Amino acid sequence: MGEDMIMGLAERDDELALLRQRVRDCLRGAASVVLVSGPVACGTTTLLREVSEFAAGEGLRVLTAHCPRARRTSPLYALGQIFEAAPLAPEWAARAEAALEAGRAPARAPGEGAEEGDEVPTHIVDELAAVLTELAAARPVLITLDDLPYADMTSLRVLLSLIDRLRSAPVMIVLGGSDTPGSTHRTFRAGLLRQPHYQRLAVAPLSPSGVRCMLGQLLGRPAADRWYASAHRVSGGNPLLVRALAEDFQVARKASTAEDDVIPVGDAFREAVLACVRHAPPEVRTTAQAAAVLGEAGTPERLGRMVGTSTETATRHVLALHSAGLLAHVQFRHREAASAVLGELPAEEHARLQQTAAGVLYRSGEATATVAAHLLAAGRAPEAWALTALEEAAEEAAGQGSPHLAGRLLELAYQECRDDRQRAEFLARLVSTQHWDNPTAAARLMSQLVGSSFVEHVDTHRAPMIAHHLFWSGRPGEAAKVLMSVERAVAPEDARTLAQVRTAQLMLATSWPAAPVVPAAFPTGTPAPPASTDLIRFRSASTLLAILRGGSPDQAARQAEEILRGAWLDTSALGTATLDAAANALLVLVHADRLGTAASWCDRFLAHLAERGDKGGESLFTVVRAEITLRQGDFPAALDQARTALAQVASQYWGMAAGLPLSIALFAATAMGDQATATALARKPMSDALMETRYGLHYLRARGHFHLANQRPAPALEDFLACGRRMTEWDMDLPTLVPWRADAAEAQLALGQRGEAARLLDDQLKRLAPGASRIRGTTLRLLAAVRGPEERVELLEQAARAFRDCGDSRELGKVMAALNRSPATAPRQAPRPAGASGSNGGRVSGLTRAELRVAEFAARGCTNREIASRLGVTASTVEQHLTKVFRKLKLSRRAELPGWFCG
């Protein structure tokens, strides 16, 4: 292709050469008729303009006409433009006007349409032919008529007759327009084919090379070389779309938003797409709109059903849109093209098309998720099949961890359903789904469900969910009544519903110890056996309740790990039920004082939940992680985690359970000395109902320590003793739940009640399970304060060993400082390294938990390889930790470690 290519006429050299040759032939007296046609916006108008300019330059008289769609029914409007533009003498102009007016009369006859009107009388055609012959006798004439598909039929009939009469005159006629289905009257096309001097020029879309050449003109060679392939994929070679892409590229280049290998698409492209669609015949335009709605699910058959035509006709429309560069197969080449087409639709028409698409897809056996997406876009589901599709798609979305989508589907089903029982079921499922995604809406919907006659229509298997939400909303008594009522109503053979009810009763008992019913056995049976999720929830709740009531920590920990392994095997199915079970299992490990194991499992679940974007589940496990972190003595991290959990899900969701993250935050802020944060948290109002739950125990303890930190031991003691009374009454007097005796003893020491403190501490030591723990270390540290010097040192050393085993550097620092202050300590200490200070508690407390664990094993004589094996890290990591320990403690060799960690 030559460098002198006319702007906008890439790959049109042959067509332009033929038209120029016909101009030269006309100058020699030859007549010709050329139809220039092709896909919409593929350059026919540009060719007509170029041949007009060339003909004028060669001396031809040029008469042009354009056929607007709005004048398609105006008789002889198109042809009238030609004669109005002709430089005729007054006499000839009058004759032409009279003939045109006479020719319009038959087409205006009552009851006759534009397609089938009477033929124009022969004498009128003869008169118009005479006018053109007279004009051409003085100078050869070029007549161009653009947008032929929208010419009025009367003009086409007269024009066809004129072409036949002007064979011997130097008149060249060039017709232009798209060749979309139904775009030009078949009779006119057939009449052209009978003319010996007729020729058709078919204009095709640009090839990739043509797009490259066109972009070279518009953007320069370097940009064209880089972007032409992408531009061709998006435009299909349509010159109008290519030009629009070039304009968008220039805008993006100025804004520095162009990406590699993908040409940017913007407003110019969207407008060009709309221009192509608007220019197409109505039936093709309707097919384009249907294709935009169906998207990837589109087929010619489905398009035909959507627009009410045959598959064959729809196929022709698709081919026309494909030729115009809009579609690739049956889909729009670019999502922005489809979006532009849909965006121009009136809202009501858009909704109608979406609903029609949903019906077509449903009857075609398309996936319910796809059908439901169209129903959502339509905002309506008036038929039974639509409600079924919404329900199935909501269940699928919930199972895939998409509660927001599930909620939208169920909300539409609830709004559109007219059957009370089915509406109640949709409402109950919507409450369950919204619990995580939109807790405020869930609370509102729950009130609507419970406070109306709908609750009478809800299936019995929904009762556990209703009870769950009643509890979180501060109505545990009502929750228990619902469960007892349903348990009595469930048929004995319905083991599945019975299992759900009993599991819910057990879950309620773990959080609300005053629950009147605590089931002991998990039901089995047929024909409705319990689901596996029911069993895992029952086991986790029963294991948690068992350890809270003094069960074996070792046995409970084993069972908890089994539950966690089972939940982890199918992480893709982690719904609300399985998440609750896993969270309870983690709490079992916490109360069994297996904090390292609990942290490892919790981190695995958190990573998975974050990856799949489950904010509700992530928030739940973040709270559990915060509790673990708090017990490990890392107060800043615990505070951050508690805040994160509260921020991830709206505070309304937490309801009764809000006591746990708030308690963690209050305790951690108090321990850190963050007075402002702690005061703000302590001022938050707590409901009376909260204080009657397990979460209330955590809050009372945190508030008690806040009082202690502010030199108010009396109200602190009151809170700690209130904890003790509740735990004793509930048969949950477990130190690893809340060590209320140690807490109360600390307040009593501040009040000078040493004897009462000693009795409580002795009692707590007896209740602790064998082995080291943080609670044991704290109890021993406090007990040392009420004993004599010799016994005090022994108790402090025991406390130090407990804190070393637990990796609690903060508490270890406190104990080491107390040991160094005791006059009886010196003879019992191992030799300190040269240059070490007499008070090492502060230095030890400066170690991280990982450094402390590594130092402890090294002090016992373990090699780096052995330490790495025990801690599950690499030997290189152990070496790095030891280097930091030596630097912080100012040690020069490994042999000096026992003097710090084996006192």
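**Stop 1: Gly673 and helix H32**

Select Gly673. In this predicted model, Gly673 follows helix H32 and has a positive phi, near 80°. Now step back into the helix itself. H32 covers residues 659–672, which makes 14 residues. From first C-alpha to last, H32 reaches 20 Å, close to the 20 Å expected at 1.5 Å a residue.

Colour H32 by accessibility. Twelve of its 14 residues are buried, so the helix is mostly covered. The buried set includes Gly659, Leu660, Pro661 and Leu662. Ile664, Phe667 and Thr670 are also among them.

**Stop 2: Ser663**

Stay in H32 and pick Ser663. Is Ser663 buried or exposed? Its relative accessible area is 3%, and Ser663 is buried because the cut-off is under 20%. Show polar atoms next. A polar side-chain atom of Ser663 lies 2.9 Å from the backbone nitrogen of Tyr699. Expand the selection to contacts, skipping residues up to four places away in sequence. Ser663 then touches Tyr695, His698, Tyr699 and Ala702.

**Stop 3: Thr736**

Jump to the loop between helix H35 (713–729) and helix H36 (740–750), where Thr736 is found. Despite the loop setting, Thr736 counts as buried, at 13% relative accessibility. Which backbone oxygen does the side chain of Thr736 reach? That of His591, at 2.6 Å. Beyond its neighbours within four places in sequence, Thr736 is in contact with His591, Arg631 and Ile775.

**Stop 4: the largest nonpolar core**

His591 is a handy bridge to the next stop: helix H27 spans residues 576–591. Select the largest nonpolar core, which has 220 residues. Leu326, Phe332, Leu375 and Phe621 have the most contacts inside this core. Which helix gives the most to the core? H27 does, with ten residues.

Centre the view on Phe621. Outside four places in sequence, Phe621 is in contact with eight partners to display: Leu579, Ala582, Ala583, Leu586, Cys602, Phe605, Leu606 and Leu609.

Another core lies apart from the largest one. This second core has 46 residues, among them Val33, Leu76, Ile124 and Leu135. Keep Val33 and Leu76 in mind for later stops.

**Stop 5: the aromatic cluster**

Keep Phe621 and add Trp568, Trp601 and Phe605. These four form one aromatic cluster. The protein's aromatic pairs come to six. One of them joins Trp568 and Phe605, with ring centres 5.2 Å apart and planes at 80°, so the pair is edge-to-face. Trp568 sits in helix H26 (residues 553–569) and Phe605 in helix H28 (residues 595–612), so this pair ties together parts 37 residues apart in sequence.

Compare accessibility across the pair. Trp568 is partly exposed, at a relative accessible area of 25%. Phe605 is buried, at 0%.

**Stop 6: strand S1**

Move to residues 32–38, strand S1. Seven of its seven residues are buried. In a regular strand the side chains alternate between the two faces of the sheet. Here both faces of S1 are covered. Ser32, Val34, Val36 and Gly38 are on one side. Val33, Leu35 and Ser37 are on the other.

Add the pairing strands. S4 (residues 171–178) pairs with S1 in the parallel sense, over seven bridges. Within S4, Met172 stands opposite Ser32. How many bridges join S1 to strand S5 (residues 198–202)? Five, and these strands also run parallel. Ser37 has Ala202 of S5 as its bridge partner.

**Stop 7: two positive phi values**

From S1, go to Ala41, in the loop between S1 and helix H2 (44–58). Ala41 has a positive phi of about 60° although it is not a glycine. Its relative accessible area is 27%, and Ala41 is partly exposed.

Then pick Leu76, in the loop between strand S2 (61–66) and helix H3 (77–85). Leu76 is not a glycine, yet its phi is positive, at about 60°. Leu76 is buried, with a relative accessible area of 1%.

**Last stop: the whole protein**

Zoom out. The protein has 45 helices and seven strands. Of its 903 residues, 53% are buried. Now look at contacts with a separation of 6 or more: residues 24 or more positions apart account for 68% of them.

Technical notes
Residues are numbered from 1 along each chain as its sequence is written. This is a predicted model: local features need pLDDT of at least 70, side-chain atom pairs count only at pLDDT 80 or more; totals for chains, interfaces and linings use all residues. Side-chain values use heavy atoms; hydrogens and water are left out. Helices (H or I, at least four residues) and strands (E, at least two) are DSSP runs, numbered from the N terminus. The expected span of a helix is 1.5 Å times one less than its number of residues. Buried means under 20% relative accessible area, exposed over 50%, partly exposed in between (1.4 Å probe, protein chains only). A polar contact is a pair of N or O atoms within 3.5 Å; within protein, one must be able to donate a hydrogen and the other to accept it, and residues adjacent in sequence count only if both atoms are side-chain atoms. Contact means heavy atoms within 4.5 Å. A nonpolar core is a set of buried Ala, Val, Leu, Ile, Met, Phe, Trp, Tyr and Cys residues joined through side-chain atoms within 4.5 Å. Two strands pair if DSSP finds at least two bridges between them. Rings of Phe, Tyr and Trp (its six-membered ring) pair if their centres lie within 6.5 Å; planes under 30 degrees apart count as stacked, over 60 as edge-to-face and the rest as tilted.
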